[in-house]
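Trainee: Got a few minutes to go through this model with me?
Mentor: Yes, put it up.

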Amino acid sequence: MISPALQLAALALAWGQGGPDTPDLSYVEITGAISSLALDGGFLEIEAGDVNGDGQPDLVSVGDHGSPFINTQQHGVTVWLGDGQGGWTLVQTGNFGYGGCALGDTDGDGLMDIAYGVHHDYSSNDFGDQLLEVALGDGSGAGWTPWDDGLATNGETWGMFGTDLGDVDADGDLDVGSTSFGCCAGVHVYRNHADGTWSQSFGFLGGNADSRFEFADFNGDGHLDIAAAHASGAAWLGDGVGGFSAADGNLPGTHYLGVTAGDIDADGRDEIAFVSSGRARVFSWGAGNVWTERTADLASLTPATIQEVALADMDVDGRDEVLVFGNGRYAICSLSPTGTWRRVARGVTAGSGTRPGEFLRGGVDLDHNGFPDLWLVQEEPAGLFITRNVHRVLAEASTPTSLDIRPLAPQPGRVWRGGQVRFVDWATAVPPGTGACSVTLVLSTQDGAAPYVVLATGLPDSGRAQIVVPPGISSTTCRLVYVVTPPAGGRRRSTGPRFTILP
């Protein structure tokens, strides 16, 4: 394996770029057994979450163009169960695929469920015979039960892809949204009726799309908005009851490639990012749907041509970094207080890739060293005139020496709504040999002081918890207290940044 030092030296020569370059973060590949699953090509989405409840994040997909069984070994829901040390166990269930997915507890039983939008709805039974579905998990990563009546019933006839879960109507359960991967199935959001039935609250057909869909909050009102890679609009503001209105405003017209969202400046509002002419561009929303570009000198710190962009807090400072990837090269950049960018990491993968077939994601600590990791897919040569998608998982390389828990979400200034489902994220630094830890989450509405409300206790240390925001609260000085407890006793606690809860 090429050492990180040699990688950086080679990239400095290849890119010929100056500017700030403090290597705060470095990464080593822990792909391991994941690479043993033969893939094909085309778009692919891989999400992280603890599907079997053992405290170790897993990686989940519904495959690329070769799923199910088209020149590959892929089929159905594909899970790589992680052991937290770079080991992966493959579990596959179902006979469908080629699409995007999202993880969350949709029925409130405490077990991880999956939502997915697919093109190859080839199943002969209820599990995988619709273009958009939700399936309930049994806590093993292998057992899934369809929970999907009413989904994909509003003109979706070609194929769905990018998919996300979020509580768009603040009623205490997760709803689902998805976009198509091309023309012409459009964008759709379905409300969860908590009984296995769903109804569309927003949607439209037609137009080209680029397979990406995420819930976000652009205007900081606590109602979920939409970031969608669709020609009809990339940004849509939510009304809190399941409806959405176009909010592109002055965003450039060729912006629907690889759309993503995240908060780069810790103001409680998400920015939108996308790829335009091989470069990452980042914009902040303003009143009247006026967007301000924040890209500045970002292009000088990234590879010459990129295919994917993602936003995630990689250095655990409360602000999302910009992650970019293209042709086997990645870079991670952080916004400075002056509005310019600083590169905090960069590297090369063992191969080169070209779109389509590239994917990038980060923000989840897969190995409990206290820093989030990243994973990606690139299309690489596999013979004469043949290319194949290849998975790669890159872990932040530092080794913790003391126990710590580091808040990731909610970020500073965020607004939550009472009764709404929200995700709480963290990263734990667990020294080798400590054993499996548990996590407790406590809410203070008085700037970290009493009185306290215990939101969850005894959680597996997976890095994410799904909670329902307590109703009847109106406070701008809320903080979460994160407590990690190792098997041998004792504990470590951290108090997260200030955020707001509104009725």
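Mentor: We will take a glycine, a pocket, a sheet and some backbone oddities in turn.

Trainee: Anything to know before I start?
Mentor: This is a predicted model, where local features need pLDDT of at least 70 and side-chain atom pairs count only at pLDDT 80 or more, while totals for chains, interfaces and linings use all residues. Residues are numbered from 1 along each chain as its sequence is written, and side-chain values use heavy atoms, with hydrogens and water left out.

Trainee: Where is Gly 84?
Mentor: Gly 84 sits in the loop between strand E4 (77–82) and strand E5 (88–93). Strands here are DSSP runs of E, at least two residues, numbered from the N terminus.

Trainee: Is Gly 84 buried or exposed?
Mentor: Buried, at a relative accessible area of 13%. The cut-offs are under 20% for buried, over 50% for exposed and partly exposed in between, with a 1.4 Å probe and protein chains only.

Trainee: And what is Gly 84 in contact with?
Mentor: Leaving aside neighbours within four places in sequence, Gln 56, Leu 366 and Asp 367; contact means heavy atoms within 4.5 Å. Gly 84 and Asp 367 are 283 residues apart in sequence, yet their C-alpha atoms are 4.4 Å apart.

Trainee: What is the volume of the second largest pocket?
Mentor: About 380 Å³. A pocket is an open set of points on a 1 Å grid over the protein atoms alone, where a 1.4 Å probe fits, with protein on both sides within 12 Å along at least five of seven lines; lining residues have an atom within 4 Å of a point.

Trainee: Which residues are closest to its centre?
Mentor: Of the 24 that line this pocket, Gly 84, Asp 367, His 368, Val 430 and Pro 431 are the closest.

Trainee: New topic. What is the strand order in the open sheet of four strands?
Mentor: E10-E11-E12-E13, with antiparallel pairing; two strands pair if DSSP finds at least two bridges between them. Strand E10 (160–166) and strand E13 (198–204) are the edges, each pairing on one side only.

Trainee: How many bridges between E12 and E13?
Mentor: Six. His 188 stands opposite Gly 203 in E13.

Trainee: Which cis peptide bonds should I look at?
Mentor: One runs from Cys 183 to Cys 184, with omega near 25 degrees. Another joins Ala 450 and Pro 451, at about 5 degrees. Most peptide bonds are trans.

Trainee: What about phi at Asn 71?
Mentor: Positive, about 60 degrees, although Asn 71 is not a glycine. Asn 71 counts as exposed, at 59% relative accessibility.

Definitions and conventions
Grid points are joined across faces, edges and corners, and a volume is the space filled by probe spheres set on the points.
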